[in-house]
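Open the model in your viewer and keep the selection tool at hand. The stops below say what to select next and what is there.

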Amino acid sequence: MIVKTSVLKALICATALVISSSISVAHAQTGVGASEARAIAKEAYIYGYPMVDGYRIQHAYFVDQNNPEYKAPWNQLRNIPRVYTPDDKAVQTPNSDTPYSMLGMDLRAEPIVLTVPKIEKNRYFSIQLIDAYTFNFDYIGSRATGNDGGSFLIAGPNWKGKTPKGVKKVIRSETEVVLAVYRTQLFNLDDLENVKKVQAGYSAQPLSAFLGQPAPKAAPAIDFIKPLTPNTQKTSLEFFNILNSVLQFCPTHPSEKALMARFAKVGIGAGKTFNANNLSPEVKVAVEQGMADAWQALAQLQKRMDAKEITSGDLFGTRQYLKNNYLYRMAAAVVGIYGNSKLEAMYPIYTVDADGQKLDGTNRYRVRFAPGQLPPVNAFWSLTMYELPSSLLSANPLNRYLLNSPMLPDFNRDGDGGVTLLVQNENPGKDKEANWLPAPKGPFFMAMRLYWPKDEAVKGKWTAPPLKRAQ
């Protein structure tokens, strides 16, 4: 889960809630007082959190070569011929089902052409295209385009060209920076060499190279700002600096002109500068309170998610699908940034048990699928363990981080043919170990994944079974 382009460096641009050294001066300079600054800070934080967190991840992946999570420079595809483990810490809630390939695209100079090989029909793959807002603006893959292969052009907002010869489809991004997350299905550990062969067939080329033409003038180099950590993102006013920087690569969408005008009152926007030292003590407190207000709003939304009123399928997708619901977009980033859109994958989340109690490894739990009630998918499903508060994979003696449908032949069946999965910290014994999902000793949550879900899941006719505490 899962996840950055050269563009992101320009994310350095500062956002400035430049509200002077006294309330009266602040009001004179910006036209807002502390109460309005607090309200705007809350709104801007909710709006910008996914973008700032995305910058943090993409800086680790494509900028900071000393970071253990570094993948490759911008516009160079990096295949990762393994599944994720607890050692992968840049992205919260990663999947451990599908080896990833990662590509950060800087589309300022020219488009990038992605070519995929022909892939056997029963092997699921997808290329999730994510813009700087964290919208999933399009897909290439088994569901979206089929397994017959081909070349697809990814263009930024300012490209005016026509579909080149040899390109199946032109896909346009709202932003100049794009992340492509590739997932290639792994059937079992013995299948890894086959996955490597598929990955070797993926390619990413600038359009000029694809056409065999001279390259256009390079885009200006970006002086990347230092990202915040997951913890400091919650409270540091430098957050708005990074947001301003990211916004430079995001031409204002018509639906957000009024929003950007409101943000500009306190110095938030593309090319603007934020300097916390210029804030009066009152306004600085107000802005910090606005950030805290954003987290409080998310906590209220989390209650609705725990009650299943809102599902992960509501949180991920295109701008049109989300209808500019920025709190949903923030929740998506916190729960599992770069999650798939509903038609590509669904993520029933277990944060509480059937009695509404938070999950903890001091207890034992059971998830039972009645006969004929396994998750309905065209590809495959899984149930993955994450420890809290990190939301990362949980280390255990079996190095087992999930249970999934390829393991079905090894599961013990109930007397009626159903399947019961055992979720607990202690090994239940060799005779039950096949059905065991190891839990940490403390707090945790679990994410079910339905890749290429069938209609009964998408339309809510099938729902995930409850997680019951064992007596």
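Start with helix 2, which lies across strand 2 and strand 8 and runs at about 100 degrees to strand 2. Lying across here involves contact, meaning heavy atoms within 4.5 Å. Axes are lines fitted to C-alpha atoms, for helices over the stretch in contact, and angles run from 0 to 180 degrees between N-to-C directions. Helices (H or I, at least four residues) and strands (E, at least two) are DSSP runs, numbered from the N terminus.

Two notes on the model come before the next stop. This is a predicted model, in which local features need pLDDT of at least 70 and side-chain atom pairs count only at pLDDT 80 or more, while totals for chains, interfaces and linings use all residues. Residues are numbered from 1 along each chain as its sequence is written, and side-chain values use heavy atoms, with hydrogens and water left out.

**The five-stranded sheet**

Select strands 1, 2, 8, 4 and 5: they form an open sheet in the order 1-2-8-4-5, with antiparallel pairing. Strand 1 and strand 5 (136–141) are at the edges with a single partner strand each, so one side of each has no neighbour in the sheet. Two strands count as paired if DSSP finds at least two bridges between them. In general, the strands of a sheet pair through backbone hydrogen bonds, either parallel or antiparallel.

Now go through the pairs. Strand 1 and strand 2 are joined in the antiparallel sense by two bridges, and Asn79 has Ser101 in strand 2 as its bridge partner. Strand 2 pairs with strand 8 over seven bridges, also in the antiparallel sense; there, Met105 has Val178 in strand 8 as its partner. Strand 4 (residues 125–131) is joined to strand 8 by seven bridges and runs antiparallel to it. In strand 8, Val181 stands opposite Gln128.

Stay on strand 8 (residues 177–184). How many of its residues are buried? Eight of its eight residues are buried, where buried means under 20% relative accessible area, exposed over 50% and partly exposed in between (1.4 Å probe, protein chains only). In a regular strand the side chains alternate between the two faces of the sheet. In strand 8, Val177, Leu179, Val181 and Arg183 are on one side, and Val178, Ala180, Tyr182 and Thr184 are on the other.

Next select helix 3 (residues 192–200), which lies across strand 1, strand 2 and strand 8 at about 145 degrees to strand 8.

**A buried loop residue**

Select Ile80, in the loop between strand 1 (78–79) and strand 2 (100–106). Ile80 counts as buried because its relative accessibility is 3%. Leaving aside residues up to four places away in sequence, Ile80 touches Lys71, Pro99, Tyr100, Ser101, Met102 and Gln199.

**Helix 5**

Move to helix 5 (residues 238–247), where nine of the 10 residues are buried. Among them are Phe239, Phe240, Ile242 and Leu243. The buried residues of helix 5 pack against helix 2 (34–62), helix 6 (257–264) and helix 7 (281–306).

**The four-stranded sheet**

Select strands 17, 16, 12 and 19, which form an open sheet in the order 17-16-12-19 with mixed pairing. Strand 17 (436–438) and strand 19 (467–469) are the edge strands, each with a single partner, so one side of each is left without a neighbour in the sheet. From one strand to the next, the twist averages 30 degrees. Strand 12 (residues 365–369) and strand 16 (residues 419–424) run antiparallel and are joined by five bridges. One residue pair to show is Arg366 with its bridge partner Leu422 in strand 16.

**Backbone details in loops**

Select Leu388 and Pro389: the peptide bond from Leu388 to Pro389 is cis, with omega near 10 degrees. Pro389 is in the loop between strand 13 (381–387) and strand 14 (392–393).

Then select Lys308, in the loop between helix 7 and helix 8 (319–322). Phi of Lys308 is near 70 degrees, a positive value in a residue other than glycine. Lys323, in the loop between helix 8 and helix 9 (326–336), has a positive phi of about 55 degrees and is not a glycine either. Is Lys323 buried or exposed? Lys323 counts as exposed because its relative accessibility is 69%.
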